[in-house]
Amino acid sequence: MKITYYLLALALTLTLYSSCKIMSPKAYKALIAERDSLTTRTETLETQVFQLKADTMRLHRELADLSNNNSALNSNLNTSSSKLRRLAADLEKREARLKEVEDILRKRDEAANALKNKLQQALLGFQQSGLTVDIRNGKVYVSLADKLLFPSGSIVIDDKGKAALKQLAVVLNKEPDINVAIEGHTDDKKVLNLGQIKDNWDLSVLRATSVTRYLTEVEKVDPHRLTATGKSEFQPIDTAPTNEARAKNRRIEIVLTPRLDELYNLITK
């Protein structure tokens, strides 16, 4: 705008000058050339000013966008940080819970191993007669072959079987926190002419209850700790169709489980 005023002033000066003095053609042309040059420069400068204003507005918009993006990023960062803190706290709780469970399971395994050792010592004299003690899934299994407990096809415990159960009861009565399951198992041969015993289901159940009654009524094991079940022929140790395999399958298994109230309470929290 100042340049425009300058051109007007120059034109006015030329007019006044020409009115006061007669200019030579050369001087006049020089003034005209200077005027045209100033006009061109003015137009160029005005174009540059317009472009600079447009660039300034664009930069302001970009700056506003960047500011908004930065605010959004800060908000996302705060949200992510909060979520990360929650996840870290949850992970810490889960790790503490896992440690508790592992400690309880370790105690269970230690108790099972200690119980196994006690039973092996107490029943040492019967291991040549078909008695075994082992651990499966944290439980102690005392397996007694049917020949150690019963005459063939009978549910009445013989003297040798009573002697074995008596030694077992000594250990059980000293371990009140052990739950006991008595399982009867048979081979796959069908039961014939055994009076009240109609099939292998009957035979397995009645043998299990005979052992349970002896332990509770004679050896005074707390009956609240015992459960009797019959498995018939359907959980064999050996599936081979031989007399040796069938002899292994005819058995009473006494399953001893350490009470896991602590673990149960932890799981149900």
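**Helix α5, its surroundings and the two largest pockets**

S204 is found in helix α5, which covers residues 200-218. The model described here is a predicted one, and S204 makes a handy starting point for a walk through it. With a relative accessibility of 1%, S204 counts as buried, because buried means under 20% relative accessible area. The side chain of S204 also has a polar partner: one of its polar atoms lies 3.1 Å from the backbone nitrogen of S232. Once neighbours within four places in sequence are left aside, the contacts of S204 fall into two stretches of the chain. One consists of G184, H185 and T186, and the other of T229, G230, K231 and S232. S232 thus appears both among the contacts of S204 and as the owner of the backbone nitrogen facing the S204 side chain.

The helix around S204 can be described from end to end. At the start of α5, a side-chain oxygen of D199 comes to within 3.1 Å of the backbone nitrogen of W201. From there α5 runs for 19 residues and spans 26 Å between its first and last C-alpha, close to the 27 Å expected at 1.5 Å a residue. After α5 comes K220, whose phi is positive, near 60°. K220 sits in the loop between α5 and β4, and its positive phi occurs in a residue other than glycine. K220 counts as exposed, since its relative accessibility is 61% and exposed means over 50%.

Which residues of α5 are buried? They are N200, L203, S204, R207, A208, S210, V211, T212, Y214, L215 and T216. The partners of these buried residues come from both helices and strands. On the helical side, they pack against α3 (146-149) and α4 (159-174); on the strand side, against β3 (178-185), β4 (226-230) and β5 (251-258).

One of those packing partners, α4, holds A164. A164 is buried, at a relative accessible area of 1%. Leaving aside neighbours within four places in sequence, A164 is in contact with L123, F126, L144 and L148. Q127 is also of interest here: A164 and Q127 are 37 residues apart in sequence, while their C-alpha atoms are 9.9 Å apart in space.

Helix α5 returns in the description of the pockets. The largest pocket has a volume of about 240 Å³. Its lining comprises 17 residues, of which S152, G153, D187, L203 and R250 are the closest to the centre. L203, one of these, is also among the buried residues of α5. Both α3 and α5 supply at least two residues of this lining, and α5 gives the most, with three. By chemical character, the lining of the largest pocket divides into six nonpolar, four polar and seven charged residues.

The second largest pocket has a volume of about 210 Å³. Its lining includes G130, T132, S143, A145, D146 and K147, and also I237, E244, A247, K248, R250 and R251. Two or more of these residues come from each of β2 (139-145), α3 and α6 (243-249), and α6 has the largest share, with three. In this lining three residues are nonpolar, three polar and six charged. R250 links the two descriptions: it lines the second largest pocket and is among the residues closest to the centre of the largest pocket.

Another residue with a positive phi lies elsewhere in the chain. N137 is not a glycine, yet its phi is about 55°. N137 lies in the loop between β1 (131-136) and β2, and at 72% relative accessibility N137 counts as exposed.

The overall layout gives these local features their setting. The protein chain has seven helices and five strands, and from the N terminus on its elements run α-α-β-β-α-α-β-α-β-α-β-α. Of the 269 residues in the chain, 29% are buried. Among contacts between residues at least 6 apart in sequence, 70% join residues at least 24 apart.

How values were computed. Residues are numbered from 1 along each chain as its sequence is written. This is a predicted model: local features need pLDDT of at least 70, side-chain atom pairs count only at pLDDT 80 or more; totals for chains, interfaces and linings use all residues. Side-chain values use heavy atoms; hydrogens and water are left out. Helices (H or I, at least four residues) and strands (E, at least two) are DSSP runs, numbered from the N terminus. Buried means under 20% relative accessible area, exposed over 50%, partly exposed in between (1.4 Å probe, protein chains only). A polar contact is a pair of N or O atoms within 3.5 Å; within protein, one must be able to donate a hydrogen and the other to accept it, and residues adjacent in sequence count only if both atoms are side-chain atoms. Contact means heavy atoms within 4.5 Å. The expected span of a helix is 1.5 Å times one less than its number of residues. On a 1 Å grid over the protein atoms alone, a cavity is a set of points where a 1.4 Å probe fits but cannot get out, and a pocket is an open set with protein on both sides within 12 Å along at least five of seven lines; lining residues have an atom within 4 Å of a point. Grid points are joined across faces, edges and corners, and a volume is the space filled by probe spheres set on the points. Ala, Val, Leu, Ile, Met, Phe, Trp, Tyr, Cys and Pro count as nonpolar, Asp, Glu, Lys and Arg as charged, and the others, Gly among them, as polar.
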